[in-house]
Amino acid sequence: QVQIVESGGGLVQPGGSLNLSCTASGSDVSILDAAWHRQAPGKERELVAQLTDDGVTNFSDDVKNRFSISSDNAKRTVYLLMNSLKPEDTAVYYCNAFGKSNVGPFNIWGQGTQVTVSS
C-alpha cells in the first residue's frame, strides 16, 4: 500500500524560507505528477504548485517567483521550496501525488503539514 507523508512545515518569520517534502512509501514507487495545495482557516483549498512527469511546473500567481517545486532522482520525494514567505502564506499544505507502484497506479493525498508565517 502506498502512503504519502509530508514534512517540513513549521513556524517561520516573514521573509524566511521553508522546504516541504512529500515522500511516497511502498514497493517500486514512483511519483509521476504531483501538486501542492494549501488551505488557510476559513478559506477553500487552493492549488499552489504542480510538477509533471516531464518536468513542467506551474504556480499560482500568489507564489510565482517565490516558490519552486522539484523531485529527487528516485521520484519518491517531491519538494516545495518556499522563499520570501508572507503571513498570507500561512496554511496547511497538502501534497497530492499521482504515480505507480508494484500494485498499480495511485492518486493519494497526504495528511498535510502546517506552515505558519508570523513575527
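This is a short talk on one protein model, going from its overall build to its salt bridges and then to a few loop residues.

Okay, hi everyone. Before anything else, please keep in mind that what you see on the screen is a predicted model.

Let's begin with the overall build. What are the secondary structure elements here? The protein has 11 strands and 0 helices. If you walk along from the N terminus, you just read β-β-β-β-β-β-β-β-β-β-β. So no surprises in that string, and you can follow it by eye.

How about the dimensions? The C-alpha trace spans about 45 × 25 × 20 Å along its principal axes. The radius of gyration is 14 Å, and that agrees with the value near 14 Å that a compact globule of 119 residues would have. As for the inside, buried residues account for 41% of the 119 residues. On the outside, about 6300 Å² is exposed, with carbon and sulfur atoms supplying 45% of that.

One more number on the fold. Take the contacts between residues at least 6 apart in sequence: 55% of them join residues at least 24 apart.

Now, charges. There are 9 positive and 12 negative side chains, and the centres of those two sets lie 2 Å apart. As a reminder, side chains of opposite charge can pair when their charged atoms come close. How many salt bridges does the structure hold? The count is 5.

The residue I'd like you to find is Arg 38. Arg 38 forms a salt bridge with Glu 46, and the closest N and O atoms there are 2.7 Å apart. Is Arg 38 buried or exposed? Arg 38 has a relative accessible area of 5%, so it counts as buried, the limit being under 20%. Its partner Glu 46 is partly exposed, at 33%.

Arg 38 also forms a salt bridge with Asp 89, this time with the closest N and O atoms 2.9 Å apart. In this pair, both Arg 38 and Asp 89 are buried. Where do the two sit? Arg 38 is in strand β4, residues 30-39, while Asp 89 is in the loop between β8 (77-82) and β9 (91-101), so this pair ties together parts that are 51 residues apart in sequence.

Next, a salt bridge at another spot: Lys 64 with Asp 61, where the closest N and O atoms are 3.2 Å apart. Lys 64 is partly exposed, with a relative accessible area of 40%. Asp 61 counts as exposed because its relative accessibility is 66%, and the cut-off is over 50%. Going back to Arg 38 for a second, salt bridges that share partners join Arg 38, Glu 46, Arg 66 and Asp 89 into one network.

Right, on to the backbone. Most residues other than glycine have a negative phi. With that in mind, look at Asn 65. Its phi is near 75°, which is positive, and Asn 65 is not a glycine. You'll find Asn 65 in the loop between β6 (57-59) and β7 (67-71). Asn 65 is exposed, with 79% relative accessible area.

Ser 84 is another one to look at. This residue isn't a glycine, yet its phi is positive, about 50°. Ser 84 sits in the loop between β8 and β9, and it is partly exposed at 39%.

While you're in that loop, have a look at Pro 87, which lies between β8 and β9 as well. Pro 87 is partly exposed, with a relative accessible area of 43%. What does Pro 87 touch? Leaving out residues up to four places away in sequence, Pro 87 touches Pro 14 and Val 117. The C-alpha atoms of Pro 87 and Gln 39 are separated by 13 Å, with their positions 48 residues apart along the chain.

Last stop: Gln 111. Where is it? Gln 111 lies in the loop between β10 (104-109) and β11 (113-117). Gln 111 is partly exposed, at 49%. If we again skip residues up to four places away in sequence, Gln 111 touches Ile 4, Val 5, Glu 6 and Tyr 94. And for a sense of distance, Gln 111 and Gln 13 are 24 Å apart in space, C-alpha to C-alpha, and 98 residues apart in sequence.

That's my tour, thanks for listening!

Notes
Residues numbered from 1 in each chain as written. Predicted model: local features only at pLDDT ≥ 70, side-chain atom pairs only at ≥ 80, totals over all residues. Heavy atoms only, no water. Salt bridge = Lys/Arg side-chain N within 4 Å of Asp/Glu carboxyl O. Buried < 20%, exposed > 50% of the residue type's maximum accessible area, 1.4 Å probe, protein only. Helix = DSSP H or I, 4+ residues; strand = E, 2+ residues; numbered from the N terminus. Rg over C-alpha atoms; globule rule 2.2 N^0.38 Å. Contact = heavy atoms within 4.5 Å. Areas by Shrake-Rupley, 256 points an atom, 1.4 Å probe, with all protein chains shown as cover. Lys, Arg positive; Asp, Glu negative; His and termini not counted. Charge placed at Lys NZ, Arg CZ, Asp CG, Glu CD.
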